[in-house]
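Here are a few short exercises to work through with the model open on your screen. Try each task yourself before you read its solution.

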Amino acid sequence: MMYKVFLKFPDALRPAFPRLKEKLEDPDSGVQSAAVNVVCELARKNPKNYLSLAPVFFKLMTTSSNNWMLIKIIKLFGALTPLEPRLGKKLIEPLTNLIHRFVVCSLLHVLFP
């Protein structure tokens, strides 16, 4: 729902952004997933606005076992990497670990389309 609100009222994102960022680190994985979804959808329009969240997404990627959320995060990093070349090198090890940890077709399809 928040994504739809931000699409209709883009000015609402600025005051809500700190709270959205906070929800990325919520102890409830459902809340985290919802926040990841909102940010990933927003980043499709302008990934540069979300580059500052790369450390939070990196932490989520290395600690989560939620395949759906991992797929979203990997797609987001795909959009962020061209904006920050050092990010690609930093992602090699965690992505390799994910491949070894989760031999899941949907995740592998995202990594190797």
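**Exercise 1. Find the residues with the most contacts inside the largest nonpolar core, and the elements that build this core.**

Solution. Keep in mind that this is a predicted model.
- Step 1: The largest nonpolar core has 31 residues.
- Step 2: Inside this core, the residues with the most contacts are Leu24, Val36, Phe57, Leu60, Met61, Ile73 and Phe77.
- Step 3: Two or more residues each come from helix H1 (2-8), helix H2 (13-23), helix H3 (29-45), helix H4 (54-63), helix H5 (67-80) and helix H6 (85-101).
- Step 4: Now pick out Leu60. Not counting residues up to four places away in sequence, Leu60 touches Leu24, Gln32, Val36, Met69, Leu70 and Ile73.

**Exercise 2. Decide whether Gln32 is buried or exposed, and list its contacts.**

Solution.
- Step 1: Locate Gln32 in helix H3.
- Step 2: The relative accessible area of Gln32 is 15%. Buried means under 20%, so Gln32 is buried.
- Step 3: Look for a polar partner. A polar atom of the Gln32 side chain lies 3.5 Å from the backbone oxygen of Leu24.
- Step 4: Beyond its neighbours within four places in sequence, Gln32 is in contact with Lys23, Leu24, Glu25, Asp26, Leu60 and Met69.

**Exercise 3. Check the span of H5 against the expected value, then describe its N-terminal end and its buried residues.**

Solution.
- Step 1: H5 has 14 residues, and at 1.5 Å a residue it should span 20 Å.
- Step 2: The end C-alpha atoms of H5 are 20 Å apart, so the two values agree.
- Step 3: At the N-terminal end, Asn66 caps H5, with a side-chain oxygen 3.0 Å from the backbone nitrogen of Trp68.
- Step 4: The buried residues of H5 are Met69, Leu70, Ile71, Lys72, Ile73, Ile74, Leu76, Phe77 and Leu80.

**Exercise 4. Describe how H4 and H5 pack.**

Solution.
- Step 1: Two packed helices are described by the angle between their axes and the distance between the axes.
- Step 2: For H4 and H5 the angle is about 145°, and the axes are 10 Å apart.
- Step 3: The crossing of H4 past H5 is left-handed.
- Step 4: From H4, Ala54, Phe57, Phe58, Leu60 and Met61 meet Met69, Leu70, Ile73, Ile74, Leu76, Phe77 and Leu80 of H5.

**Exercise 5. Place Pro47 and find its contacts.**

Solution.
- Step 1: Pro47 sits in the loop between H3 and H4.
- Step 2: Pro47 and Leu80 are 33 residues apart along the chain, with their C-alpha atoms separated by 6.1 Å.
- Step 3: Setting aside neighbours within four places in sequence, Pro47 is in contact with Ala79, Leu80 and Leu83.

How values were computed: Residues numbered from 1 in each chain as written. Predicted model: local features only at pLDDT ≥ 70, side-chain atom pairs only at ≥ 80, totals over all residues. Heavy atoms only, no water. Core = buried A, V, L, I, M, F, W, Y, C linked by side-chain atoms within 4.5 Å. Buried < 20%, exposed > 50% of the residue type's maximum accessible area, 1.4 Å probe, protein only. Helix = DSSP H or I, 4+ residues; strand = E, 2+ residues; numbered from the N terminus. Contact = heavy atoms within 4.5 Å. Expected span 1.5 Å × (residues − 1). Polar contact = N/O pair within 3.5 Å; in protein donor to acceptor, adjacent residues only side chain to side chain. Axes fitted to C-alpha atoms, helices over the stretch in contact; angles between N-to-C directions. Left-handed = near helix turned anticlockwise from the far one by under 90°.
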